[in-house]
Amino acid sequence: MIPDEQKLTEQYVQDSFHSYLKSSLTHAKVEKLLEPEVLASAEGDLMITGPALCLYFAALRSTTNPPSVPLPRTSKSAPPRELTESNCPPAFIGFLRVWSSNVPMIQNLEPQHQHDLARVICGLPHLSNPLERSIPGIAADLRAVAIEISQRRSFQDRYANDLQAALDAGSNGSSLKVKASFVPPPVYDGAGYSDGKYGGKYGSPPASPASAFPP
């Protein structure tokens, strides 16, 4: 194991994730996987769909074995960096392991089946018939990781900005700006959620799957 000082910081990984999340949501809007109305309304399980899509697109970008996540450069002169099991912060190692176990299966799918996977993640009907049998399991794994990510307060506090960036992309300065209505859920105080709701629109908090993920 490498020394702790060589580990990437949680903040660096979070910043990289949100950078990719913005581009993933924008790509999903362009591909009609997520309509602008859905991005703006923040209804349903968008807080899970967004990060699950980000994990899907990251799997398509991965070029290493074992799989690693190419991280965005902090500047043009900065060397390329990858998120690997050896430099991953302990808080995120469970996420990385589940994601990396699915990368080979995602990359081995035919292009039309990869598109079906993205549609299933977004709750859309698949186009291939029958559906490739590995897709439901892959989608379930990515969404399980996304549920865990979505329950982190650091994610909740930044998600509205990610959604807004996707909504603004391609607007070409239009004065009719659509505003994301996502509001982070209230902070749990030990006795219950302060307003009895989850993010104002989600009802009760989503159940966290039993897993090896860190809190």
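In this predicted model, the buried residues of helix α7 are covered by elements that include α1, α2, α3 and α6. The residues of α7 concerned are F155, Q156, Y159, D162, L163, Q164, A166 and L167. Helix α7 spans residues 153-168 and comprises 16 residues. From its first C-alpha to its last, α7 reaches 24 Å, close to the 22 Å expected at 1.5 Å a residue. The helix is nevertheless kinked by about 40 degrees, and the kink is centred on Y159, a residue that also belongs to the buried set of α7. Beyond the helix follows G170, with a positive phi near 80 degrees.

Helix α6 (135-150) likewise has 16 residues, with a reach of 22 Å between its first and last C-alpha atoms, close to the 22 Å expected at 1.5 Å a residue. This helix is mostly covered, 12 of its 16 residues being buried. The buried positions are I135, I138, A139, L142, R143, A144, V145, A146, I147, E148, I149 and S150. These residues pack against α1, α3, α4 (93-108), α5 and α7.

One position in α5 was examined in detail. Q114 is located in this helix, which covers residues 111-121. Because its relative accessibility is 15%, below the 20% cut-off, Q114 counts as buried. Its contacts, leaving aside residues up to four places away in sequence, are with Y56, L60, I106, Q107 and L109. Between Q114 and I135 the C-alpha to C-alpha distance is 8.5 Å, at a sequence separation of 21 residues; I135 is itself one of the buried residues of α6.

A second buried polar residue, S62, lies in the loop between α3 and β1. S62 is classed as buried because its relative accessibility of 5% falls under 20%. A polar atom of the S62 side chain lies 2.9 Å from the backbone oxygen of S68. Residues up to four places away in sequence being excluded, S62 touches P67, S68, P70, W99, V103 and Q107. Q107 is thus listed among the contacts of S62 and among those of Q114.

Backbone geometry was considered next. Most residues other than glycine have a negative phi, and most peptide bonds are trans. Against this background, the bond joining N65 and P66 is cis, with omega of about 5 degrees. P66 is placed in the loop between α3 (46-61) and β1 (69-71), where S62 is also found. A cis peptide bond also links N129 to P130, with omega near 5 degrees, and P130 lies in the loop between α5 and α6. K32, although not a glycine, adopts a positive phi of about 65 degrees. This residue is situated in the loop between α1 (10-30) and α2 (36-41), and it counts as exposed because its relative accessible area is 55%, over the 50% limit.

Aromatic side chains were also surveyed. A search of the whole structure identified 3 aromatic pairs. In addition, the charged end of R61 sits over the ring of Y20, at 3.8 Å from the ring centre. R81 is positioned over the face of Y12, with a distance of 5.2 Å to the centre of the ring.

Terms used:
Residues numbered from 1 in each chain as written. Predicted model: local features only at pLDDT ≥ 70, side-chain atom pairs only at ≥ 80, totals over all residues. Heavy atoms only, no water. Phe/Tyr/Trp six-rings, centres within 6.5 Å; stacked < 30°, edge-to-face > 60°. Lys NZ or Arg CZ within 6 Å of the ring centre and 35° of its normal. Helix = DSSP H or I, 4+ residues; strand = E, 2+ residues; numbered from the N terminus. Buried < 20%, exposed > 50% of the residue type's maximum accessible area, 1.4 Å probe, protein only. Contact = heavy atoms within 4.5 Å. Expected span 1.5 Å × (residues − 1). Bend = angle between axes of the 7 residues up to and from the residue. Polar contact = N/O pair within 3.5 Å; in protein donor to acceptor, adjacent residues only side chain to side chain.
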